[in-house]
Structure formats: C-alpha cells, structure tokens
Amino acid sequence: MRTSRQVVDYSLQKRAVLRELHAGRVGTYDVCDASPYLKNAARFHGEPTDHRCPICRSENLTHVHYIYGDELKQSAGQARTLAELPVLAMTLREFQVFVVEVCLGCDWNHLVEQYLLGRDGLAEDGPDQGAVGGAATSAASVGRRRREAQR
C-alpha cells in the first residue's frame, strides 16, 4: 500500500521460533495455539495466501489484518479485509495495522508485520512526492521557518 509507513517485519522472529521448534526446545502445542476468535477472523475476514503452513505443510496460510487507533474508538481491535484498508486510510488520520498469519488446520499463528496507515502519511515531505506538490510544500515550510527564526 502506498501510504504505509513505519513497517516492522517479524520474519526473523518467525525463523527463530521455527528453529526452536525443529530443535525440540519448544513443543508444537506451544506454537500452534490460535484462539477460536483468531480462527473465526481468519475464516471471515482473512486473505488466503499461496504459502504453506510451516508446521503441518498441508494447509495454506491466511493473513488477518487487525486495526488499532485512537480515531477508531469501538472499532479498534477489529479484523478487516485487505480491501477495506485503503478506504480507511483515506478517511482516518492514522491507525496501526497488525498482520497475523494463521493456519486453520493446525492452529499455527504468528505476527507477520505491523505498519501505519492514514492521511497523515500523505502530508509528509518525501522523496516520492511530485515536483509540483513538493515545491509548494517546501516553499510553505521555508516561509514558516523564516518566521520562526525571526521571533
């Protein structure tokens, strides 16, 4: 998604958990512990992937997107489909998205990544902004800095 920022990837942590499992230091029941709520969210709001489960290797994983933010009020903590996120990103200032992978066969689950979405990311000066928008924004910020320096 174009407006996503502050992305945190948990693939190294996932590899460490799988390494501990294959070494026998952690049991299968310790890592395959998806709650019924998470499994229902995966069934009804999840996005199927082409990746096989690293534990049972018989089911494909499902990604569930949970959203959190101050503007969401009672909706915070709900699972949303991937198609709903761009609409929310244009209507809300900022919210956090947590992506969890779930296997509906063996109950494996792991946090895959987290990132921020929202309109606040569109207002930032960035290298991928257009020349017209970037020039107008930088001219306004230079004028603001001059006024602050004169005080």
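Visitor: Is Arg25 buried, partly exposed or exposed in this predicted model?
Guide: Exposed means over 50% relative accessible area. Arg25 has a relative accessible area of 57%, so Arg25 counts as exposed.

Visitor: With which residue does the side chain of Arg25 meet in a salt bridge?
Guide: A salt bridge needs a side-chain nitrogen of Lys or Arg within 4 Å of a carboxyl oxygen of Asp or Glu. For Arg25 the N to O distance is 3.0 Å. The partner counts as partly exposed, at 29% relative accessibility. That partner is Glu20.

Visitor: How far apart are the end C-alpha atoms of helix H1?
Guide: Helix H1 covers residues 11-23, which makes 13 residues. At 1.5 Å a residue, H1 should span 18 Å, and the model agrees with this. The end C-alpha atoms are apart by 18 Å.

Visitor: Which residue follows H1?
Guide: Just after H1 comes a residue whose phi is positive, near 85°. That residue is Gly24.

Visitor: Which residue forms a salt bridge with Lys39?
Guide: The closest N and O atoms of this pair are 2.9 Å apart. The pair links distant parts of the chain, 68 residues apart: Lys39 is in helix H3 (residues 36-45), while its partner is in the loop between strand E5 (95-102) and strand E6 (109-117). Both residues are buried. The partner of Lys39 is Asp107.

Visitor: Where is Arg80 placed, and is Arg80 buried or exposed?
Guide: Arg80 belongs to strand E4, residues 79-80. Buried means under 20% relative accessible area. Arg80 has 15%, so Arg80 counts as buried.

Visitor: Which residue's side chain makes a polar contact with the side chain of Arg80, and which one meets Arg80 in a salt bridge?
Guide: The polar contact, at 3.1 Å, is with Gln78. The salt bridge has an N to O distance of 3.8 Å, and its other member is partly exposed at 31% relative accessibility. The names are Gln78 for the polar contact and Glu84 for the salt bridge.

Visitor: Leaving aside neighbours within four places in sequence, which residues are in contact with Arg80?
Guide: Contact means heavy atoms within 4.5 Å. Beyond its sequence neighbours, Arg80 is in contact with His45, His65, Ile67, Ser75, Leu85 and Leu88.

Visitor: How far apart in space are Ala89 and Leu116?
Guide: Ala89 is found in helix H4, residues 84-91, and is buried with a relative accessible area of 1%. In sequence, Ala89 and Leu116 are 27 residues apart. From C-alpha to C-alpha, the distance in space is 9.2 Å.

Visitor: What pattern does the protein chain follow along the sequence?
Guide: The secondary structure comes to 5 helices and 6 strands. Read along the sequence, these give the pattern β-α-α-α-β-β-β-α-β-β-α.

Visitor: What share of the residues of the protein chain count as buried?
Guide: The protein chain exposes about 9,700 Å², with carbon and sulfur atoms supplying 51% of it. Of its 151 residues, the share that count as buried is 33%.

Visitor: Over which residues does pLDDT stay under 50?
Guide: The mean pLDDT of the protein chain is 82, and 77% of its residues reach 70 or more. The stretch under 50 has 6 contacts beyond four places in sequence in the model. That stretch is residues 125-151.

Note on methods. Residues numbered from 1 in each chain as written. Predicted model: local features only at pLDDT ≥ 70, side-chain atom pairs only at ≥ 80, totals over all residues. Heavy atoms only, no water. Helix = DSSP H or I, 4+ residues; strand = E, 2+ residues; numbered from the N terminus. Buried < 20%, exposed > 50% of the residue type's maximum accessible area, 1.4 Å probe, protein only. Polar contact = N/O pair within 3.5 Å; in protein donor to acceptor, adjacent residues only side chain to side chain. Areas by Shrake-Rupley, 256 points an atom, 1.4 Å probe, with all protein chains shown as cover. Expected span 1.5 Å × (residues − 1). pLDDT = per-residue confidence, 0-100.
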